[in-house]
Amino acid sequence: MKTSTPISLAVIMTALAFSMTACKKKEETTALPEPVPAPTVAPADVINVPVSVKQVTLSNKIDETTKQAAMAMNTFAANDTIYAVVDTIGSGKTAIKTVWTYHKGDQTAPVSEAVQEIDATGPASTEFHISKPSGWPVGDYQVEVFVNDAPATTQKFTVK
Amino acid sequence: MNASSNSSGGDMPDFSDVESGASSTAKEAAPAYKMYTIKSGDSLSRIAKHEYGKANDWHRIFEANRDIIKDPDKIFPGQEIKIPL
């Protein structure tokens, strides 16, 4: 009996040490949660909102960087370059088209048309311009704006 | 939508020398272009001469329309093609 006590004590101590190690390992495992990926939600204004026309501004001069009209106008001189700045909101690949026409009484003559395909990620400005080296005939004109071939808006202007 | 649908000749002005262009603050998915309907007697070099002043620029038009023009010598009246601006 006397000799068995130290052995029993050693066995108990060893068992206690093992169980403490096991508990510690368990704690370490639960202390390191799986990394959670950051949410990838885009800003509200770019989530699948199709491009639409906010406004169209006519001018004879624009800022080449911002594409903004220097001054809104609807009467032009014969030698002007005429700009139509189409401000849009929304996102996605979109075809913006302008159709320019001349009007005299009930007659209409085609002047020009152009398509610009954009891949918008938010508000954008797209400029279309026309010029005529021999000078614009005096009269009434209009520019129609289409988005993906759907009519969006029409602006009338005059050359004097 | 077709600007020429209501047109009439007569005393209406000639707009054949009108120059046009476009650009955007958004990423441009493709260069700006205008549509053109091929007429009898047209060739790509003739269209290029009219649009760009140089018949040799016909390849610009050809490249922009590879999906519908397989052979630059074979275009047909009524075909609608893109003219890069």
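How many residues does the contact take from chain A, and how many from chain B? Keep that in mind as you go through these views of a predicted model.

**View 1. Chain B on its own.** Let's start with the parts list: chain B has three strands and two helices. Follow the chain from the N terminus and you'll meet them in the order β-β-α-α-β. Chain B has 85 residues, and 14% of them count as buried. Now take the contacts in chain B between residues at least 6 apart in sequence: 51% of these join residues at least 24 apart.

**View 2. Where the two chains touch.** Back to the opening question: the contact takes 34 residues from chain A and 28 residues from chain B. On the chain A side, β4 (91–104), β5 (107–121) and β6 (124–131) each supply at least two residues. The top contributor there is β5(A), with 14 residues. Sort the chain A side by class and you get 15 nonpolar, eleven polar and eight charged residues.

**View 3. β5(A) meets β2(B).** Here a strand from chain A sits beside one from chain B. β5(A) and β2(B), which covers residues 27–37, run antiparallel and are joined by four bridges. To find your way, look for A:E117: its bridge partner in β2(B) is B:A30. As a bit of background, strands of a sheet pair through backbone hydrogen bonds, either parallel or antiparallel.

**View 4. β6(A) and its two neighbours.** Is β6(A) mostly covered or mostly uncovered? Mostly covered: seven of its eight residues are buried. β6(A) pairs with β3(A), residues 82–89, in the antiparallel sense over seven bridges. You can spot this pairing where A:T88 stands opposite A:A124, and again where A:V86 stands opposite A:T126. β6(A) is also joined to β1(B), residues 19–24, by six bridges, and these two strands run antiparallel. A:T126 is handy here too, with B:S24 as its bridge partner in β1(B).

**View 5. A sheet built from both chains.** Zoom out a little and the strands line up as an open sheet of four, in the order β1(A)-β3(A)-β6(A)-β1(B), with antiparallel pairing. Why do β1(A) and β1(B) each have one side without a neighbour in the sheet? β1 (52–59) of chain A and β1 of chain B stand at the edges, each with a single partner strand, so one side of each is left without a neighbour. Neighbouring strands of this sheet are turned by 15° against each other on average, direction ignored.

Key. Residues are numbered from 1 along each chain as its sequence is written. Chains are lettered from A and ligands numbered from 1 in the order in which they are written. This is a predicted model: local features need pLDDT of at least 70, side-chain atom pairs count only at pLDDT 80 or more; totals for chains, interfaces and linings use all residues. A residue is buried if 20 or more other C-beta atoms lie within 10 Å of its own, exposed if 12 or fewer, and partly exposed in between; C-beta atoms are placed from the backbone. Two residues are in contact if their C-beta atoms, placed from the backbone, lie within 7 Å. Ala, Val, Leu, Ile, Met, Phe, Trp, Tyr, Cys and Pro count as nonpolar, Asp, Glu, Lys and Arg as charged, and the others, Gly among them, as polar. Two strands pair if DSSP finds at least two bridges between them. Axes are lines fitted to C-alpha atoms, for helices over the stretch in contact, and angles run from 0 to 180 degrees between N-to-C directions.
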